[in-house]
Amino acid sequence: MIDDGFLVDFPTLGDVGEAWVRRHCRVPDGYQRGAEFEWSDWQFWCAANYYRVRPGAAWTDYPLGAQAFTYRRAQVVAPQKTGKGPWSATMTLLEAVGPSQFLGWAKAGDGYACSDWGCGCGWEYEYLPGEPMGMRHPSPVIQLTASNEDQVGNVYRPLTAMIRLGPLADLLLVREGFIRVLGEAGGEDFDRIDVVTSSVNGRVGNPVSWVLQDETGLWTKTNKMMKIADDQRRGAAGMNGRTLETTNAWNSAENSVAQRTWESRAEDVFKFFRIPPARLSWGNKRERRQILRFVYKGSPWVNLDSIEAEADEIGETDPSQAERFFGNRVTYGAGTWLPDGLWESRWSDALAPSS
């Protein structure tokens, strides 16, 4: 049982993925810099669903790729400082050199050994009988994408720190503007992690195995990010790959990529969005504190006093932005709230696991 009462009672690569992350990824900064990176409850819930394996998936000589999983892509909506960036960095590393690809169903005695996949750290993981097994992607082509360089740095900075602080330095080489994945010989266009922005988008449209699209609430037709999103998803489909969106809540007047994803009826898109109860008013200081406790649940590194102080100052000139960034609520326009309960009434199952 994890945060919000969700039970992970389905087959998933999330278990081996979580154990792999603890062994290979490091806390990138702060007082615990260099310690094992451990997913919080909400982070594990999102990863477990992202790597949820279809019960009927069967291993063949030709790997299933995206078709092994229940969800083709996912969207995670959470307020600032909840840990989306470092979590996204761990997901990127999993997709680059970790057990992110379905390898069939385990029998008694089966396990994952790093030595089988080019990693010399000596780590091993024993599967339970019937548990889905994972393998490295044979030729990962990964893109980390945001609207500008500062934004993409929210993931790229912790990503490079995790590589340098732990055993992954033997598998990944940080270069200027990209990261080289070692252990394969796929040529210049394969085995790499690239940074993509609206101004640095030369590789957009190429076949990709995995894409992170960060802060898609800021991706619009005006800044040309909507086209990039579409091109990347087509590129992933061509390589049987998948994508992941992370974002703050959005301004519904802008018709962003995040809004389009949230409103999509596609059943193979996992969505996580903690929408605070409509009865709580952001303008009421006591109720605002309840909203913050609700949306930051499962992020123990967050100091709510600091968050509230920042929200108060931003709220002096732009209360809509403060509520959107810290209260995790969709707003409309500058300084104008959507009518209370509108989003909640339409999306009452926002937190329910997709099926």
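Angles between helix axes under 35 degrees count as roughly parallel, over 145 as roughly antiparallel, 65 to 115 as roughly perpendicular and the rest as oblique. A few points to help you find your way around follow.

1. This is a predicted model, in which local features need pLDDT of at least 70 and side-chain atom pairs count only at pLDDT 80 or more, while totals for chains, interfaces and linings use all residues. Residues are numbered from 1 along each chain as its sequence is written, and side-chain values use heavy atoms, leaving out hydrogens and water.

2. Start with α8 and α9, whose axes (lines fitted to C-alpha atoms over the stretch in contact, with angles from 0 to 180 degrees between N-to-C directions) cross at roughly 150° and come within 6 Å. The two helices are therefore roughly antiparallel to each other. Their contact (heavy atoms within 4.5 Å) involves residues including Ile 307, Ala 311 and Ile 314 of α8 and Pro 319, Ala 322 and Phe 326 of α9.

3. Next, look at α7, residues 285–295, where Arg 288, Ile 291, Leu 292 and Val 295 are the buried residues (under 20% relative accessible area with a 1.4 Å probe, protein chains only). They cover an arc of only 100° around the axis, which puts them on the same side of α7. These buried residues pack against α8 (304–317) and α9 (319–327).

4. At the N-terminal end of α7, Asn 284 acts as a cap, with a side-chain oxygen 3.0 Å from the backbone nitrogen of Arg 286.

5. Finally, α3 (residues 84–97) and α4 (residues 149–165) pack with axes 8 Å apart at an angle of about 60°. That makes α3 oblique to α4.

Key:
Buried means under 20% relative accessible area, exposed over 50%, partly exposed in between (1.4 Å probe, protein chains only). Helices (H or I, at least four residues) and strands (E, at least two) are DSSP runs, numbered from the N terminus. The arc is that of the directions from the helix axis to the C-beta atoms. A polar contact is a pair of N or O atoms within 3.5 Å; within protein, one must be able to donate a hydrogen and the other to accept it, and residues adjacent in sequence count only if both atoms are side-chain atoms.
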